[in-house]
Amino acid sequence: MYNEYIMNIYRKKIFALAEEPKAKIFFNSRLEHSLVVHTAIVKYSKEHIYILCRSFCDDIIVENKEYLIYMDSFLSNPKRKVKILFSDYKEEFKEKKLYKIFKAHKNQVEMKKTNCKFFKDNKEINFTVSDGRTFRFELNAEKKIAVGNFNNEKQAKKLEDFFLETFNSEKSNNIYWN
C-alpha cells in the first residue's frame with residue numbers, strides 16, 4: 001500500500017476541508033486518494049449522493065470497512081438517497097459488500113446502467129457529487145486523476161444536472177435487485 005504516513009497527512013487535509021467546508025479545490029491521483037475522498041463525501045453528505053462510474057468494483061473502496069460504515073450510516077436516515085449510473089456495469093458488483101448495504105436500503109438507492117461512455121479531453125471521466133455543493137471529478141478515470149471541492153455549488157450543480165439528465169434518459173436502464 002502507498003506510504004501510510006503520506007496517506008494519513010492526505011486524509012487529515014481532506015477531512016479538514018470536508019468539515020469546514022471551504023470552497024477550496026483539491027487534487028488526487030491514486031486509488032487510495034479516491035478512497036479517502038469518497039469516504040469523506042459519504043461521511044459529510046446530508047441529503048443525496050450521485051455517482052457516475054464504470055463498474056464500481058474496486059475492492060479498495062467497495063470492500064473498505066470505514067467506507068461501508070459511513071455509507072450504511074448515511075442510508076440509515078430514510079430521507080437520504082443514492083443514485084449510481086454505471087457506464088460499464090458488471091454483475092460481480094452484486095457480490096460486493098457495498099451492494100449488500102445498498103440492497104438493505106433499496107428504497108433509497110437507485111442503480112442504472114448505460115452503454116454510453118463519458119469523456120472530457122479524450123479521457124474517460126467518472127464523478128461523485130453530493131448535496132449540491134460537493135464533488136470529486138475524475139479527469140482521467142484510467143489513472144484516477146481527479147479534482148474536487150467540498151463547497152462549490154456552481155460546479156456541483158452542473159454535475160448534478162448532467163447526472164440527472166443522463167440518469168433519467170432513455171439510454172439508462174434500471175438494475176434490478178436480486
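These legends accompany close-up views of salt bridges in a predicted model.

**View 1. Arg30 pairs with Glu32 in a salt bridge.** Here the closest N and O atoms are 3.3 Å apart. The two partners sit in unlike surroundings: Arg30 is partly exposed, with a relative accessible area of 30%, whereas Glu32 is buried, at 14%. Glu32 counts as buried because its relative accessible area of 14% falls under the 20% cut-off.

**View 2. Glu138 and Arg136 form a salt bridge.** Take a look at the contact itself, where the closest N and O atoms are 2.9 Å apart. Both Glu138 and Arg136 are buried.

**View 3. Helix α6 holds a salt bridge between Asp161 and Lys157.** The helix spans residues 153–167, and the two residues lie 4 residues apart within it, about one turn of the helix. Their closest N and O atoms are 2.9 Å apart. Asp161 is partly exposed, with a relative accessible area of 39%, and Lys157 is partly exposed too, with a value of 46%. Lys157 is classed as partly exposed, not exposed, because its 46% does not go over 50%.

**View 4. Arg54, Glu124 and Glu142 are linked by salt bridges.** In this view, follow the three side chains together: Arg54, Glu124 and Glu142 make up a network. For the wider setting, a search of the whole structure finds 11 salt bridges.

Technical notes:
Residues numbered from 1 in each chain as written. Predicted model: local features only at pLDDT ≥ 70, side-chain atom pairs only at ≥ 80, totals over all residues. Heavy atoms only, no water. Salt bridge = Lys/Arg side-chain N within 4 Å of Asp/Glu carboxyl O. Buried < 20%, exposed > 50% of the residue type's maximum accessible area, 1.4 Å probe, protein only.
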